[in-house]
Amino acid sequence: MVTVVQTCRMCKKEHSVQMKKVDYDRVNNGEHIQNAAPYLTADERELLISGICGKCFDELFAGDEE
């Protein structure tokens with residue numbers, strides 16, 4: 001397992017995500033994270049993709065639901 005530490009681009013809080021090393025390598029080699037590490041939560045995947053934590057992501061898109 002590897003621990004990926006990512007600082008949210010919006011709130012500047014540090015978050016940690018644990019994932020299998022082999023899956024981490026797959027993502028870094030261009031595989032889509034949802035295919036390489038389906039066991040991660042949507043919030044964890046979003047943090048690794050965009051650098052925005054789940055709470056900030058929800059606040060950013062609050063009210064966009066119809």
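Tutor: Two strands count as paired if DSSP finds at least two bridges between them. Strands (E, at least two residues) and helices (H or I, at least four) are DSSP runs, numbered from the N terminus. The model is predicted, with local features needing pLDDT of at least 70 and side-chain atom pairs pLDDT 80 or more, while totals for chains, interfaces and linings use all residues. Residues are numbered from 1 along each chain as its sequence is written, and side-chain values use heavy atoms, without hydrogens and water.

Student: In what order do the elements of the protein chain run from the N terminus on?

Tutor: The protein chain has four helices and two strands. Read from the N terminus on, the order is β-β-α-α-α-α.

Student: About what span does the C-alpha trace have along its principal axes?

Tutor: The protein chain has 66 residues. Along the principal axes, its C-alpha trace spans about 35 × 25 × 15 Å.

Student: What percentage of the residues count as buried?

Tutor: Buried means under 20% relative accessible area, exposed means over 50%, and partly exposed lies in between (1.4 Å probe, protein chains only). The accessible surface, from the Shrake-Rupley method with a 1.4 Å probe, comes to about 4,700 Å² for the protein chain, and carbon and sulfur atoms hold 47% of that. Of the 66 residues, the share that counts as buried is 26%.

Student: How many bridges join β1 to β2?

Tutor: β1 and β2 form a hairpin with six residues between them. The two strands run antiparallel, and the number of bridges joining them is six.

Student: Which residue in β2 is the bridge partner of Thr3?

Tutor: β1 covers 2-7 and β2 covers 14-19. One bridge pairs Thr7 with Glu14 in β2. For Thr3, the partner in β2 is Gln18.

Student: Which residue in the turn has a positive phi?

Tutor: The turn belongs to the hairpin of β1 and β2. A positive phi of about 65 degrees is found there at Lys12.

Student: Is Cys11 buried or partly exposed?

Tutor: Cys11 lies in the loop between β1 and β2. Its relative accessibility is 29%, so Cys11 counts as partly exposed.

Student: Which residues is Cys11 in contact with, leaving aside neighbours within four places in sequence?

Tutor: Contact means heavy atoms within 4.5 Å. Sequence separation and distance are separate matters here: Asn29 is 18 residues from Cys11 in sequence and 28 Å away in space, C-alpha to C-alpha. With neighbours within four places left aside, the contacts of Cys11 are Cys53 and Cys56.

Student: How far apart are the centres of the positive and negative side chains?

Tutor: Lys and Arg count as positive and Asp and Glu as negative, with His and the chain ends not counted. Each charge is placed at NZ of Lys, CZ of Arg, CG of Asp or CD of Glu. There are 8 positive and 12 negative side chains, and the distance between the centres of the two sets is 7 Å.

Student: Which residue forms a salt bridge with Lys21?

Tutor: A salt bridge is a side-chain nitrogen of Lys or Arg within 4 Å of a carboxyl oxygen of Asp or Glu. The partner lies four residues away in helix α1 (residues 21-28), about one helical turn from Lys21. Lys21 is partly exposed at 42%, and its partner is partly exposed at 29%. With the closest N and O atoms 2.9 Å apart, the partner of Lys21 is Asp25.

Student: Which residues are linked in a network of salt bridges?

Tutor: The structure holds three salt bridges. Arg26 meets Asp23 at 3.2 Å, N to O, and these two lie three residues apart in helix α1. Arg26 also pairs with Glu31, the closest N and O atoms being 2.6 Å apart. The linked residues are therefore Asp23, Arg26 and Glu31.

Student: What relative accessibility does Asp23 have?

Tutor: Arg26 is partly exposed at 31%, and Glu31 is also partly exposed at 31%. Asp23 touches Ala36, Ala37 and Tyr39, not counting residues up to four places away in sequence. Asp23 counts as buried, because its relative accessibility is 5%.
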